[in-house]
Amino acid sequence: MSERKVLNKYYPPDFDPAKIPKLKLPKDRQYVVRLMAPFNMRCKTCGEYIYKGKKFNARKETVQNEVYLGLPIFRFYIKCTRCLAEITFKTDPENTDYTMEHGATRNFQAEKLLEEEEKRLQKEREEEELNNPMKVLENRTKDSKLEMEVLENLQELKELNQRQANVDFEAMLRQYKEYEEEQKRREQEEDEQEMKAMLEEVQNRRLLVDSDSDEEAAKPSAKPVAKTKPTDILQEDPQPQSKKLKTESWERSVGKLNSKSQLAGLVTVRKQKPSASLANRTENHSTTASAGSFPPATGTTSTSSSLGLLGAYSDSEDSAGD
C-alpha cells in the first residue's frame, strides 16, 4: 500500500522537459495584488483625501522600457474610495520611494523637499568643481574651517560635561541654605530696627503732647480771672490805675470818709439825749461825710470840705471828753 502524501513523483525514462510546451503570456499583463497607500494623497476629481496605509485591491503591471540598474519598475492602479476615479503611481528604486503619476496629487512633505534640495546643491557643487580648480580649493578651505569649529564646539561640550561631573551638589545645597538663613536674619534685624524707630517716634510724640497739655493747663491758672460776658469791656474804667492812685492819696491825706461803722460807734457810745447844738453838729457832720465819700472834682470844694471835716472831728472829740 502506497503513502497518502507522496513527495516524490514518478518520471518515466523517456521524459524530456524540452518537449513541454510553454505558455506565451503578454509582457504587460496585469496582476491583482493587495497593497496599502504608500503616502497621503488627494483625488483630483472629487477632492477626497486618501491617507497613508489605506488598503486597496490594486492592479500591478511592469513598466515597459524603464529599468534602474537592472531593476524593473512597477505601476499600480487603484480607485478613489468616493468617486471610483482611477489613480496610478509607480515605484522609484533610485530614491527608495513612490512617485505619483495620474489621478491624484501627493500632499506636502517638507522632509522630502529638503532632501531633494540638498541633492540638487550637492550636484551643482560637483559640477562647479569639475570645471574650476580654484572653486575646489575654496570649498576645501570652507570645509576645513567648518570642521575646526565643530571640533572646538565638541571640546567645549566635553569640558562642560567634565565640570558638571565634578560639581558637588551637596555643597551647593548647603551653601544655598546658608545664604537663605543669612538673608532671613538680615530681614529680621531690619524689621526690629524699624520697629524700634517707630516706637521711639511714638514716644517722642507722646512726650511732646504731654508737655503741650501741661503748658496749656498752667496758662489758665496764672490768669484765673476771665470775662464772663463780652459786654464787660464796655463797663470797665479806661483808667483804673490812675483812679486807684488818686483814691489812695486822698485817703492818706484826709482819711477814709466812707467808714460809717467808726462814725456810728463814736455817735452811739454816749446814751443821752443830745443837745440842739450837738444835733446841728452831727447833721453837718453827716452831710460832710456823705459829700466826702466821692473824690472832689475841683480844688475849691476839696479845701472847704476838708476844713469842715476838721471842725467836725474837733467837736466830736470835745464832746467825747465832756
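How many aromatic pairs does the structure hold? The structure holds five aromatic pairs, and they are a good way into this model, which is a predicted one. The protein is built with eight helices and eight strands, and of its 322 residues 12% count as buried.

**Overall picture**

- The protein exposes about 28400 Å², and carbon and sulfur atoms supply 54% of that area.
- When contacts between residues at least 6 apart in sequence are considered, 42% of them join residues that are at least 24 apart.

**Aromatic rings**

- Tyr-49 and Tyr-51 form one of the aromatic pairs, and this pair is stacked, with 6.4 Å from centre to centre and 20° between the planes.
- The pair counts as stacked because its planes are under 30 degrees apart.
- Tyr-49 is partly exposed, since its relative accessible area is 40%, whereas Tyr-51, with a relative accessible area of 53%, is exposed.
- The two residues fall into separate classes because exposed means over 50% relative accessible area, a cut-off that Tyr-51 passes and that Tyr-49 does not reach.
- Elsewhere, ring pairs link Phe-39, Phe-76, Phe-89 and Tyr-98 into a cluster.

**Charges over rings**

- Phe-39, which belongs to that cluster, also has a charged partner, for the charged end of Arg-106 sits over the ring of Phe-39 at 4.3 Å from its centre.
- A second arrangement of this kind involves Lys-60, whose charged end sits over the ring of Phe-74, 4.8 Å from the centre of that ring.

**The loop around Phe-108**

- Phe-108 is placed in the loop that runs between strand S8, residues 104-106, and helix H1, residues 110-131.
- With a relative accessibility of 67%, Phe-108 counts as exposed, because the cut-off for that class is over 50%.
- Although Phe-108 and Asn-40 are 68 residues apart along the chain, their C-alpha atoms are separated by 8.7 Å in the model.

**A nonpolar patch on the surface**

- Met-148, Leu-151, Leu-154 and Leu-157 together make a nonpolar surface patch of about 390 Å².
- Leu-151, one of these residues, is placed in helix H2, which covers residues 133-166.
- The relative accessible area of Leu-151 is 46%, and Leu-151 is therefore partly exposed.
- Leu-151 can be part of such a patch because patches are made of residues with over 30% relative accessible area, and its value of 46% satisfies that condition.

Key:
Residues numbered from 1 in each chain as written. Predicted model: local features only at pLDDT ≥ 70, side-chain atom pairs only at ≥ 80, totals over all residues. Heavy atoms only, no water. Helix = DSSP H or I, 4+ residues; strand = E, 2+ residues; numbered from the N terminus. Buried < 20%, exposed > 50% of the residue type's maximum accessible area, 1.4 Å probe, protein only. Contact = heavy atoms within 4.5 Å. Areas by Shrake-Rupley, 256 points an atom, 1.4 Å probe, with all protein chains shown as cover. Phe/Tyr/Trp six-rings, centres within 6.5 Å; stacked < 30°, edge-to-face > 60°. Lys NZ or Arg CZ within 6 Å of the ring centre and 35° of its normal. Patch = residues over 30% accessible without salt bridge, like charges linked within 9 Å, V, L, I, M, F, W, Y side chains within 5 Å. Salt bridge = Lys/Arg side-chain N within 4 Å of Asp/Glu carboxyl O.
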